[in-house]
Amino acid sequence: MYETDLPDGVIFRLVAQARPAILLATAESDEDAISLGASKIGGRPDLPRGSAWPTRPPYPDAGQRAEGHRKEADRLLADSRKPRSWMTPEQGERFSREYRAKADAIEAEFPLAFFAQVDLFELSKEEGFDPAFPSEGRLLVFYDFWEQPEDFTPEASVGWQVIWDKTPRAELVRVPFPAALSSISSDEWTCIFRAARISARTVLTPIPPNEKSWDAFPLDDDEALEAYQEWLEQFGTPDAIDRDNHQFGGFPQTLQNGLQACSQLAANGVNCGRGEAWETDAAKELLKSAGDWQLVLQIGVDRHAGIPQPGAYYVIMRKEDIAARRFDRARVTYQCD
């Protein structure tokens, strides 16, 4: 256990607030050796027979997004032709084509990348399993890895799907990768991840200072806060390549602030990408319930699956939606330091 200079009373409170979670450690695996419906990161999803690979529709603000990508394509092409550019003209051509292809994809239906599936029945056997979650079926997470949709706009929510599937294993099939994902993937960058087998074990997760239920000590106590953050840093962060970064339930290991608050505002139709949006009476009222959001699944960098740096992904839901099994209301947030 890591040492800390925090007072005993604070330590006792922090221990009381800590939440059990399930750490999802991965290992290299031949996907054929992973049984249908079993937990895994990457690979191909196991879906009900006859199901299509999940896609997203065009973004509601597709025109604005596409325009930004096309401007970037023009900029890269022009910069590559300047003297002493960091790109060769050939690289500029390639990067420009990629951004134009992304602009076209934004304006059309497009397949989502597959991050993970977790077998809830198997996880429920672990001591740290949160009984608020169902103990049957599987959770599957799909995400627009190409666009990396922001967390602060309502329009971004088409860029992911979290599916709770209770189909019996005997009725599952392993769905092949869509050609649209294969065509934009290479050894240098990919939307297709290798299958990595998961092993689960219970851990205790400390509360982060940006958690809305925090009350271990006043956050304006700079000395205590610095001591606690130094203690937390010893655990590492989910964007490192040499640790187990995936987690089901518990407190997240966030790389930025605002996970709960941004989710609360964006889920209620507020674009909170600008400071003034936070100052309205409506936003302040909504933020009173930001603490209702909790982590479902944390997906970080994975050397076995090939999920690259930087950053990590957080599937987060309101407690009432977990209780109602409304996984379609989950949000997936990308953070990087």
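A residue counts as exposed when its relative accessible area is over 50%. Gln64 has 61% relative accessibility, so Gln64 is exposed. The model on screen is predicted, and the tour starts at this residue.

**Stop 1: Gln64 and helix α2.** Select Gln64, which sits in helix α2. Then add Ser213, 149 residues away along the chain. The distance between the C-alpha atoms of Gln64 and Ser213 is 37 Å.

**Stop 2: the α2 and α3 pair.** Select residues 62–80 for α2 and residues 89–106 for α3. Their axes come within 8 Å and cross at roughly 175°. An angle over 145 degrees counts as roughly antiparallel, so α2 is roughly antiparallel to α3. To show the contact from the α2 side, display residues including Ala62, Arg65, His69, Ala73, Leu76, Leu77 and Ser80. From the α3 side, the contact residues include Pro89, Phe95, Tyr99, Arg100, Ala103 and Ile106. Coloured by residue class, the contact of α2 with α3 divides into 10 nonpolar, 4 polar and 8 charged residues.

**Stop 3: the loop between α2 and α3.** Select Arg84, found in the loop between these two helices. Arg84 is not a glycine, yet its phi is positive, at about 60°. With a relative accessibility of 83%, Arg84 counts as exposed.

**Stop 4: two further loops.** Move to Gln148, in the loop between β7 and β8. Gln148 also has a positive phi, near 50°, in a residue other than glycine. Its relative accessibility is 24%, so Gln148 is partly exposed. Next go to Pro310, in the loop between β12 and β13. The peptide bond joining Gln309 and Pro310 is cis, with omega about -5°.

**Stop 5: the nonpolar cores.** In soluble globular proteins, nonpolar side chains tend to be buried together. The largest nonpolar core here has 47 residues. Select Phe115, Phe248, Val296 and Leu297, the residues with the most contacts inside this core. Strands that give two or more residues to the core include β1 (19–28), β6 (113–119), β10 (196–205), β12 (293–299) and β13 (312–318). Helix α4 (120–123) also gives two or more.

Which residues does Val296 touch, not counting those up to four places away in sequence? Show Phe133, Leu139, Gln247, Phe248, Gly249, Val315, Ile316, Met317 and Ile322 around Val296. A second core, separate from the largest one, has 13 residues. To find this second core, select Ala216, Phe217, Leu225 and Phe251, which are among its members.

**Stop 6: the cysteines.** How many disulfides does the structure hold? The count is 0. Select Cys272 and Cys262: the sulfur of Cys262 is the nearest cysteine sulfur to that of Cys272, 4.0 Å away. A disulfide requires a pair of cysteine sulfur atoms within 2.5 Å, and Cys272 is in no disulfide. Cys272 is buried, with a relative accessible area of 5%.

Finish at Cys336. Why is the sulfur of Cys336 not in a bond with that of Cys262? The sulfur in Cys262 is the closest cysteine sulfur to the one in Cys336, but the two are 14 Å apart, which is too far for a bond. Cys336 is partly exposed, with a relative accessible area of 29%.

Definitions and conventions. Residues numbered from 1 in each chain as written. Predicted model: local features only at pLDDT ≥ 70, side-chain atom pairs only at ≥ 80, totals over all residues. Heavy atoms only, no water. Core = buried A, V, L, I, M, F, W, Y, C linked by side-chain atoms within 4.5 Å. Buried < 20%, exposed > 50% of the residue type's maximum accessible area, 1.4 Å probe, protein only. Helix = DSSP H or I, 4+ residues; strand = E, 2+ residues; numbered from the N terminus. Contact = heavy atoms within 4.5 Å. Axes fitted to C-alpha atoms, helices over the stretch in contact; angles between N-to-C directions. Parallel < 35°, antiparallel > 145°, perpendicular 65-115°, else oblique. Nonpolar A, V, L, I, M, F, W, Y, C, P; charged D, E, K, R; others polar.
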